[in-house]
Amino acid sequence: MATIESIQNAYIDHVLTEGTQPKSVYIFAKNIETTEEEFYRYFGSFAGVEQSIWADFARKTLAEIETQEVWAQYTSREKALSFFYAFFELLKGRRSFAVYSLNSHGRTLGTPVVLEQLKTVFENFADSILKQGLESGELSDRKFFAKRYKDGLWMQFGFVLNFWIKDNSAGFEKTDEAIEKGINVTFDLFERTPIDNLIDYGKFLYNNSGFKEKAGF
Amino acid sequence: MSETPKEQNSIPTSKVQRSAKFVKTGLKIGGNYVKHYSKKLFNPDMDKSELDQDNAADIYQSLSELKGSALKVAQMLSMDKNLLPQPYVDKFSQSQYNAPPLSGPLIVQTFRKYFGKTPDQIYDKFNPRSSNAASIGQVHQAELNGKTLAVKIQYPGVGDSISSDLKLVKPFAFRLLGMNEHELDVYMREVEERLLEETDYELEVRRSIEFSTACSILNNVVFPVYYPELSSKRIITMDWLEGKHLREFLATNPSQELRNQIGQALWDFYNFQQHELRAVHADPHPGNFMITPEGKLGVIDFGCIKEMPDDFYTPFFSLTSTDLLDNKEETIKAFRLLDMIHTNDTPAQVEFYYNAYKEMISLFAMPYINNTFDFGQTHFFDSLYRFGEKLSKMPEFKQARGVKHFIYVNRTNFGLYNILHELKAEVRTDTYKPHVVLAY
């Protein structure tokens, strides 16, 4: 009896040894001694298998970091950092698959197909930590833009992922650096900045310096 | 880009003062990268030459701004204008060291990478907020088995940025100093070597243990215990030393007796290493010392060690003896050995450099002449300054002279003199004397 996990593992094994996708679901199912029907019960296609593998990386990461003692005390910035570090630490063990999967689907604008499910998991996570940050005042609640913060984080994720694929420093130390610097810059932008204060000051002047009257309002 | 000043806020104030100029340069360079990549988004074929030019221009500008006062000190410290001014190197490397503090998750990540455990699993208590910044990382307080520990954690990628920064700064340094690139290279490599050694924490732990054991015979000098099993390439665990930094100590108005005691400990510490171990803690930065409540000198950083080979040690320190310095022939021989006088110098040049270097060495050797020396007197430091100033105006010193070892040995000794001057200490200088030979 095939399970989601056994199909995922067999699939990873196949693509890594053969360097390409199985010719058809029929052949793949036969090789792992199961039936096509069984395969389709869990997945719609090979791309679907890859999507689920990626999404599971993210879920495993979350399960791991959320049980850490310090998690509850972390700010949303630290939670994001923690997710990135743990995710890429986990991915290290599956680097060959990650490289294969991302490269075999070509570079396209926007999100690669194989990351679609992971994106949903990631965005749910991003939403929850950003909400926490907005509520605590850690992040600046800007009209229109606050809703787009999670897109910023997703872009950052895509950037670090690409960086890691190309990273050949020992222990992927450069990726650590990219995470630390990248996430910090992203969160710096989400926080209250001099621009917010400037706009605020402008509003104040506009309302209180008689500017309105002079302008004929 | 308008968000960049934000980063500045997160840098500790004392460090801002130390290298404000370079933080600014760092921001500009960061900006240049942003500019580069945003342009590249629209034009993928763009190459990096514009970026390099932008960076170089900003670095050059900030170096030029430093020309005034910093250079003066640099000249004094580097004996002649030709050696790479230490502040340039120092400050430049600091610009990278002034990276924002490591985030909590990065600390956890670093520990997991090297020990497979989180700090909470290793120590009984671990303070995730750093207590102070170390040169290329930061220090956290921790507790284990009832002992308070200091845990030093290094920022990832420091080593790489040192090498790339030095490469970047090199063409501008020699343009600024009017030196030829080939001549400068020797000094640059020496500096790079030392800086890179500082990023190797495993080496630092080994040396710290070696040096603290060797120096344990000295009076009033204490060292933390190091824990190699709790240290790795990026992490050092050692005992937490209670005490005050030099500035804080001086602010308490210590008695002359106490100042002399600390000064003596410093003198002994350095001269024992130089003359007995022939390798010296080459970073006499006030931040590397603690003055304990018992009035002892605590030494907390062995990142930068300069080893002195015999072919440098013997000619150089023999010059500190008046018996040799009064013998012109032997002195010139020593200068030749130290590459301060070149083989193809004309007799007039030999005479000129002989006089200039003799004056310099006799200033340097003043503390060794009698059995005690009062570093509180300003007269001595005024003459040092004046001499440095004079040298900087001489066109004859616009070329490389002196072996590479001078960079760190001078930094060490003049750094030591400066700290002793701040302490206004009077010390016995005959405790560990240079080993001299009188002829070659």
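# Exercises on a two-chain predicted model

Of the 217 residues in chain A, 28% count as buried, where buried means that 20 or more other C-beta atoms, placed from the backbone, lie within 10 Å of the residue's own. The model is predicted, so local features need pLDDT of at least 70 and side-chain atom pairs count only at pLDDT 80 or more, while totals for chains, interfaces and linings use all residues. Residues are numbered from 1 along each chain as its sequence is written, and chains are lettered from A and ligands numbered from 1 in the order in which they are written.

**Exercise 1.** Describe the secondary structure and the dimensions of chain A.

*Solution.*
Step 1. Chain A has 11 helices and 0 strands; helices (H or I, at least four residues) and strands (E, at least two) are DSSP runs, numbered from the N terminus.
Step 2. The C-alpha atoms of chain A fill a box of roughly 80 × 40 × 30 Å along the principal axes.
Step 3. The radius of gyration of chain A is 23 Å, whereas a compact globule of 217 residues would have one near 17 Å. This radius is taken over C-alpha atoms, and the globule rule is 2.2 Å times the number of residues to the power 0.38.

**Exercise 2.** Find the helix of chain A that gives the most to the largest nonpolar core.

*Solution.*
Step 1. A nonpolar core is a set of buried Ala, Val, Leu, Ile, Met, Phe, Trp, Tyr and Cys residues joined through C-beta atoms within 7 Å.
Step 2. The largest such core has 61 residues, and among those with the most contacts inside it are A:Phe83 and A:Phe84.
Step 3. Helix 5 (residues 76-92) of chain A gives the most to this core, namely 9 residues.

**Exercise 3.** State how strand 6 of chain B is covered and how it pairs with strand 4 of chain B.

*Solution.*
Step 1. In strand 6 (residues 235-239) of chain B, 4 of the 5 residues are buried.
Step 2. Strand 4 (residues 147-154) of chain B pairs with strand 6 of chain B in the antiparallel sense, over 5 bridges; pairing requires that DSSP finds at least two bridges.
Step 3. B:Ile153 stands opposite B:Ile235 in strand 6 of chain B.

**Exercise 4.** Which helix gives the largest share of the side of chain B that touches chain A?

*Solution.*
Step 1. The contact takes 20 residues from chain A and 15 residues from chain B, with two residues in contact if their C-beta atoms, placed from the backbone, lie within 7 Å.
Step 2. On the chain B side, helix 1 (5-9) and helix 5 (104-115) each supply at least two residues.
Step 3. The largest share, 6 residues, comes from helix 5 of chain B.

Note on methods: Buried ≥ 20, exposed ≤ 12 C-beta atoms within 10 Å, placed from the backbone.
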